[in-house]
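Ready for a few exercises on a protein chain? Take a look at the sequence and the structure, then work through the tasks one at a time.

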Amino acid sequence: MANILVVDDEMGIRELLSEILSDEGHVVVTAENAQQARELRLSAAPDLVLLDIWMPDTDGVTLLKEWQRDGLLSMPVIMMSGHATIDTAVEATRIGALNFLEKPIALQKLLKAVQHGLSHNREAPRTPGFVRAVTVGDATDMPTVASYNVPGNAEVPNNLSVGAAYYTAADKAASISFDLPLREARDAFERAYFEYHLVRENSSMTRVAERTGLERTHLYRKLKQLGVEPGKLARKN
C-alpha cells in the first residue's frame, strides 16, 4: 500500500485514477490544481505523484520545477498529458520526472508505471545517529575496525572498496555546510550520492540507474551537470 497524490484539473480523470488505484490497495489523495497540490505536498510527502501537465493556474512542469528548486522533489513523479510534445516530456524528465503517460491512459500502462515508480521510490533521508565502529575489511594497509560518522540505522557494506566509497560519500555529505545556498548544498549532496553508487556498481550505468531510480538518459545528464565522471571513479577503485 502506498500514498499516492493525483493532480489533474479534470474531475473525471481524478475520480477514475482514484478508483483504480484504490482498488489496488493504495491510499489516494487528489488535487484539482497546483495550489492544492502544493498544500498537500507540504503537509505530507506522498510515495508517488501523478501530475497532469496542462492545468489552468500553474502547469505541471512549472510545479515540478518549483518542487525541484525547493528541495521537495523527494518522491517519484509521473507526468500525464494528452497534448504534450516530445520536448515537454523531455524537459519534465530532465527536471526530475520519472515517467510520462499519454492520455487516455491504458489501465495496464498506468499500473505498470505506478509499480515502477513505487519500486524506485527514493529512500527518505536517514536521521544522523551516533558514530559507531564498523568492520570495513581485512586489508593490511588500513584498520580492520574504524569509526565513521554515519547514520545510526545505515546498512554497512561488506565489500572493502564499496565500504570505502560509502564512508567517503558519508563524509562528504556530513561536511556540507548549512550556510550554502540550497542549490549548492543539494548539488554537493547529489555529487556524493552518485559517486557512491558509481563505485558501488563499478560504474555500470544500467545498475546505477536502477539503484537511483533514474532513466539512463536523465542519469547521464545529471552526472554531466554535477561534473561527475564515471570513468575516473572506476580507475580510482
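**Exercise 1. Decide whether Lys 222 counts as buried or exposed, then place it in the chain.**

Step 1: Keep in mind that this is a predicted model. The relative accessibility of Lys 222 is 10%. Buried means under 20%, so Lys 222 counts as buried.

Step 2: Now for the location. Lys 222 sits in helix α9, which covers residues 216–226.

Step 3: Look for what surrounds the residue. Once neighbours within four places in sequence are set aside, Lys 222 is in contact with Gln 68, Glu 190 and Phe 194.

**Exercise 2. Get an overview of the chain: how many helices and strands are there, and what share of the residues is buried?**

Step 1: Count the elements. You should find 10 helices and 7 strands.

Step 2: Turn to burial. The chain has 237 residues, and 43% of them count as buried.

Step 3: Check the surface. About 13,300 Å² is accessible, and carbon and sulfur atoms hold 52% of that.

Step 4: See how far apart in sequence the contacts reach. Among contacts with a separation of 6 or more, 55% are between residues 24 or more positions apart.

**Exercise 3. Describe β4: which way do its residues point, and which strands pair with it?**

Step 1: Sort the side chains. Val 77, Met 79 and Ser 81 point one way, while Ile 78 and Met 80 point the other way. Both sets are buried, which fits the tally for β4 of 5 out of 5 residues.

Step 2: Find the pairing with β3. β3 and β4 run parallel, with 4 bridges, and Leu 50 has Ile 78 as its bridge partner in β4.

Step 3: Find the pairing with β5. Strand β5 (residues 99–102) is also parallel to β4, again over 4 bridges. Here Met 80 has Leu 101 as its bridge partner.

Step 4: Trace the connection. β3, α3 and β4 together form a right-handed β-α-β unit.

**Exercise 4. Find the largest nonpolar core: which of its residues touch the most other members?**

Step 1: Start with a rule of thumb. In soluble globular proteins, nonpolar side chains tend to be buried together.

Step 2: Pick out the best-connected members. The core has 20 residues, and Val 7, Val 49, Leu 51, Leu 64, Trp 67, Val 77 and Met 79 touch the most others.

Step 3: Ask which elements supply them. Two or more residues each come from β1, α2, β3, α3, β4 and α4, and α3 gives the most, with 4.

Step 4: Zoom in on one member. Beyond its close sequence neighbours (within four places), Val 77 is in contact with Val 49, Leu 51, Leu 64, Ala 97, Leu 98 and Asn 99.

Step 5: Look for a second core. A separate one has 15 residues, including Ile 4, Val 6, Met 80 and Val 114.

**Exercise 5. Work out where the buried residues of α8 lie around the helix.**

Step 1: List them. In α8 (residues 205–212), they are Met 205, Val 208, Ala 209 and Thr 212.

Step 2: Look down the axis. These buried residues fall within an arc of 100 degrees, so they line one face of α8.

Step 3: Go just past the end of α8. Gly 213 has a positive phi there, about 75 degrees.

**Exercise 6. Find which residues a cis peptide bond joins.**

Step 1: Recall the usual case. Most peptide bonds are trans.

Step 2: Spot the exception. Lys 103 and Pro 104 are joined by a cis bond, with omega at about -5 degrees.

Step 3: Place Pro 104. You'll find Pro 104 in the loop between β5 and α5.

Terms used. Residues numbered from 1 in each chain as written. Predicted model: local features only at pLDDT ≥ 70, side-chain atom pairs only at ≥ 80, totals over all residues. Heavy atoms only, no water. Core = buried A, V, L, I, M, F, W, Y, C linked by side-chain atoms within 4.5 Å. Buried < 20%, exposed > 50% of the residue type's maximum accessible area, 1.4 Å probe, protein only. Contact = heavy atoms within 4.5 Å. Arc of directions from axis to C-beta. Areas by Shrake-Rupley, 256 points an atom, 1.4 Å probe, with all protein chains shown as cover. Pairing = 2+ DSSP bridges. Right-handed = clockwise from strand over helix to strand, strands pointing away.
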